[in-house]
Amino acid sequence: MDQRSHELPLVVGLGPVDAATVSPVLEGVARFVADPSPADLENAVGAIVRAHVHLDKAMFATLPALRVVARTGVGTERVDLDEARARSIPVVITPGANTDAVAEGALAHLLALTKSLAPLTHLVKTGAWDDRATIPVGDLRGGTLAILGYGRIGRAVARLAQAFGMNCVAYDPFVTEADIRLAASLEEALAGATHVSVHLPATNDTTGLINREVIASLEPQTILVNLARGEVLDLDAALWGLQTGHLGGLGLDVFPEEPPAHHPVFEHPRVILTPHVMGLTTASTAATFIQAAEGIADVLRGKTPAFQA
């Protein structure tokens, strides 16, 4: 590192951040340290914060020179926004960088459950070929997908689902116009749905929204996937739904606490689980890092970043 680079302001990674992706974006504006020491934290003017990292008041105190935070993704529930505002620190977010990745992940979950890939894999592995007729293999075509939350990701899911021949209906209390049928209520969206894909943020209104009452209202054997926030779904209710046949399959990429404590629903044969990685494809992760670094560079140049919390 030459002397001029060493004199540039310091940006650090909080959580794993690929320096080879970020450093070229910050070139001439800041130098990047992926594995910061306490001294680095004390001198850092910017931080790229991964989704699992809690940036609370105590963490802010270790970053006294901080001028800007970039949170990978759009959820800021693990960032103390009040503390950031009190310190006049903008919080950059990266909407859109992982939209297609999460949408593809939702379709992967929907397909895996509809086609019973996990039970059929187990059947072949255990030599139970003659039992194959006992495991349902369904279709997306002709089904109705209720998309709960119709932002960027929800719209991308709709496009993919329609390509498979599905009918789509959306519910989002903050959306007034949509390119598919927009339900006026959660109940209207779920009525007649064969599949449900959750893309709602975690708020006071959405926490526990998908509860036993809601699951009891579903068509028998409905496939439900959640790639948004774990708090939206009551796992006890989901297990009840699987046991009673209200749910025909459950796909989870998110959990109320991460990493999650073991829950009995994890053992159900009609459940597939992924560790909050559907948005972390190689391409989407790089795009997220680049967008975060661009936001930090904008702030350090005195510009307003494109997206702030």
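A residue is called buried when its relative accessible area is under 20%, exposed when over 50%, and partly exposed in between, using a 1.4 Å probe and protein chains only. Keep that in mind as we visit this predicted model, where local features need pLDDT of at least 70, side-chain atom pairs count only at pLDDT 80 or more, and totals for chains, interfaces and linings use all residues. Residues are numbered from 1 along each chain as its sequence is written, and side-chain values use heavy atoms, without hydrogens and water.

Let's start at strand β6, residues 144-148 (strands, E, of at least two residues and helices, H or I, of at least four are DSSP runs numbered from the N terminus). T144, A146 and L148 point one way from β6, L145 and I147 point the other way, and all are buried.

Who are the neighbours of β6? Strands pair if DSSP finds at least two bridges between them. β6 pairs in the parallel sense with β7 (residues 167-171) over 5 bridges, and with β9 (residues 195-198), also parallel, over 4 bridges. I147 has A170 as its bridge partner in β7 and S197 as its partner in β9.

Now look at the largest nonpolar core, a set of buried Ala, Val, Leu, Ile, Met, Phe, Trp, Tyr and Cys residues joined through side-chain atoms within 4.5 Å. This core has 33 residues, and L148, V196, I215, L233 and L250 have the most contacts inside it. Its largest share, 6 residues, comes from α11.
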